[in-house]
Number of protein chains: 2
Amino acid sequence: MHLFRKPKPAGLLRRPSRAEAPLLAHAGRLEAAPFGRSEAGGPEVSSFSLDNGLDVVVVPDHRAPVVTHMIWYRNGSADDPLGQSGIAHFLEHLMFKGTETHPVGAFSKAVSGLGGQENAFTSYDYTAYFQRVARDHLKTMMEFEADRMTGLVLDDAVVAPERDVVLEERRMRVETDPSAQLSEAMAASLFVHHPYGIPIIGWMHEIEELNRHHALDYYKRFYTPENAILVVAGDVTPDEVRRLADGTYGRVTPQGARPKRIRAREPEPKALRRLSVADPKVEQPTLQRLYLTPSCITARDGECHALELLAEVLGGGATSYLYRKLVLETGIAVNAGAWYMGSAIDDTRFSVYAVPAEGVSLETLEAAVDKVLRRAPAEALEPEAIERAKTRLVAETVYSSDSQSSLARIYGSALAIGETIEEVRRWPVDIEGVTKERLAAVAERYLVPARSVTGYLVKSRDPDAPVSVAAA
Amino acid sequence: MHLFRKPKPAGLLRRPSRAEAPLLAHAGRLEAAPFGRSEAGGPEVSSFSLDNGLDVVVVPDHRAPVVTHMIWYRNGSADDPLGQSGIAHFLEHLMFKGTETHPVGAFSKAVSGLGGQENAFTSYDYTAYFQRVARDHLKTMMEFEADRMTGLVLDDAVVAPERDVVLEERRMRVETDPSAQLSEAMAASLFVHHPYGIPIIGWMHEIEELNRHHALDYYKRFYTPENAILVVAGDVTPDEVRRLADGTYGRVTPQGARPKRIRAREPEPKALRRLSVADPKVEQPTLQRLYLTPSCITARDGECHALELLAEVLGGGATSYLYRKLVLETGIAVNAGAWYMGSAIDDTRFSVYAVPAEGVSLETLEAAVDKVLRRAPAEALEPEAIERAKTRLVAETVYSSDSQSSLARIYGSALAIGETIEEVRRWPVDIEGVTKERLAAVAERYLVPARSVTGYLVKSRDPDAPVSVAAA
């Protein structure tokens, strides 16, 4: 419940598959195109808006009499007010604390009583809640969800213990996990000014200070019909959804305008950055690299698709260039890969990572990675490798579209960051259209030292006198 | 005019002396104790407040019939609103653009017409304006300065060209100077969350967006009697200053409360960070190191004085430990030293730097620096070396107290960050009281890898294919 998935980029050693990381913040784009190569291959997605500004997307899926009901809010951790990092995620927890109409637990009890499932998650750019139930119960879900859009009741008796839950969550996920500390430090180093450098869960000392007033102020600001997107996937028609939504969400009073997202823009990077986290608990040293790149929203025309394909060619699985060179051919690494978090409102991260084979130092591994990357434009971008990567990328999205909730997530996350349904539908065609020249151009433009942060996760031998670790 | 001194820590190769960097943000503490070893050695400093909340400090100096008139505002670049970095400094420029009563240039013309001098500067924690004139003209200065506390008139005709001036200032000082880029990147890397990571002058893309409304909003918020400190040093009595201040500043309407400074606190650092700026323009490679440490405001009891003395012992001039070991004994460096920016409201920076001798790589130099630092607690902290450092530190402040404007700056900057006159007066005694054990304790606690950022400034050989610079 209240599933919070920290974005694992820097700690991530394989590409996230749906199975292992269905809600990863950066997994969205991997699933962002549910259809085959042809535009006509997908279901007939409809969209409309209610009178109060709430956007609605309907994704028909008549294979079984179930529906996935999701509500997305266009606010995530990157919209946390200064000094209140973690408030988006904290409020996500608090949204389960009951309303004027329904006491604590009533909603969750109703879902499970109806044999359904529910979940919620917070990412950098959005927060979402969903339930999967038999189609007959869609209206009930809407009633509950519309009710907690404005009816949330918070008192200190529920806020303080829930804050302890979040603090404990952070302790378990970050404070005691060196690889999570590396992830946080790398994001903080890559984004010196933009809030993507702040962890989704928040900084410990700021979570500690969050209170009921912060939560309610935030709630009133962002939980409005204009700021929400309703996605219903499943055995329903658009007309049914419209009728049910009008009778539930439609009654929520609009605020007059969508709340503003206030975010600082990242300055142009000038310095190559490196960092290391040394801890006795580290069992497996790893090498991580992040590059600051455009996202699918900030990219110049087409660069986002080129970056997605570049990540796939370079580091998408066991047939990728990095894996072949570093694991299969030289045996210097036991794993290697790349990923790109294109699904983001602002400039984002492209990552390369590798795990050294036993006895190989991170310095040696890094030199090898850089050598491989330098040769990549000439060697990796062969027509056949590019074709293979396109096929893999597009096929993955076809598989993911088999899942009703994946489909709902694809549309919800895309719309929440400002993409259109048409862009989602066109994605396979856009990927197909990426040329070798485009791939080489984005590699040359963005995978450069001044845009990079390199991270080492190392086992510390002597934590008390580690000044010399500086040279590591 | 409108002298803006960027804080040069990371580009700084010697300790700032008054002569070369009188207004350096971090030089304040070096000058923060104008008196000899005895508490009774200084002038009888008075302080009082006007009815509207303006704090006043009077520092008598009757050696010549001149006065230094300074007004300090308790807001600096670290108080710039999100996305408006540079506004404190930009407003400092705009403060010379005239008021309802005095057209553009009238104030400056009056100062020079009276044979005086004027200046202004912006730092992280404060902004200040000062004039030095014959004592008879003090009242005129007060009239002008009180007038522009609320009477500033800004129209687009003066704002836009002045923004171009600031942009050009940034271009000259930073964009074309690799060492300034290193400084900025190091601060941004050390302070991942706190605004000390943002340059005083602002990020280029945010300066470009600053406009008249930002400037006026900022002005109205911070330029109030409650937020200001008047410091008058020179040939005056407290009674005279009170009478003149009452008749000028005393007429400014109070706002009811001092404006709030809203700042994020830095999380506990976990990762050792490194970065490099590579540029063909670099003639002299340098090694810089920053450690996140408490400031004189955030320090636990006494740690600030220990850190100040530690910087002096380790790196204060040609008799310091680092200089002896790296320059005189081994010849591996042509310069080496350390400094500490204790004068800051929030957690601050302690720096170690070195410039390699010809043919010595930065890697080699860094390994030598770390070796020297590791040995420092045992070797450097000899009673004699500590005594020498105390004498140097205190003597320096005695020299600086010979300058009337230094005296005014010492009190103004101390009060602007929340120190008391008593703390300033007690400073030499506190420095004298630092023990060897305290020095060793702060070195051990704060000069550790996880609190550090190490920077390399290197000449790039091939700026087009520098992926391998990553290993530098």
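This note covers the symmetry, the nonpolar core and one helix pair of a predicted model.

1. Local features need pLDDT of at least 70, side-chain atom pairs count only at pLDDT 80 or more, and totals for chains, interfaces and linings use all residues. Residues are numbered from 1 along each chain as its sequence is written, with chains lettered from A and ligands numbered from 1 in the order in which they are written.

2. A turn of 180° and a shift of 0.0 Å along the axis lay chain B on chain A with an RMSD of 0.0 Å (least-squares superposition on C-alpha atoms of residues with pLDDT of at least 70 in both). The two copies are therefore related as by a two-fold rotation axis. In chain B, the C-alpha of B:Arg274 is the nearest to this axis, at 2.3 Å.

3. Of the interface residues of chain B, 100% are also interface residues in chain A, so the copies meet through the same surface.

4. The largest nonpolar core has 282 residues. Such a core is a set of buried Ala, Val, Leu, Ile, Met, Phe, Trp, Tyr and Cys residues joined through C-beta atoms within 7 Å; buried means that 20 or more other C-beta atoms lie within 10 Å of a residue's own, with C-beta atoms placed from the backbone. Among the residues with the most contacts inside this core are B:Val231, B:Leu326 and B:Tyr411.

5. Beyond its neighbours within four places in sequence, B:Leu326 is in contact (C-beta atoms, placed from the backbone, within 7 Å) with residues including B:Ile332, B:Ala354 and B:Val372.

Terms used
Contact = placed C-beta atoms within 7 Å. Buried ≥ 20, exposed ≤ 12 C-beta atoms within 10 Å, placed from the backbone.
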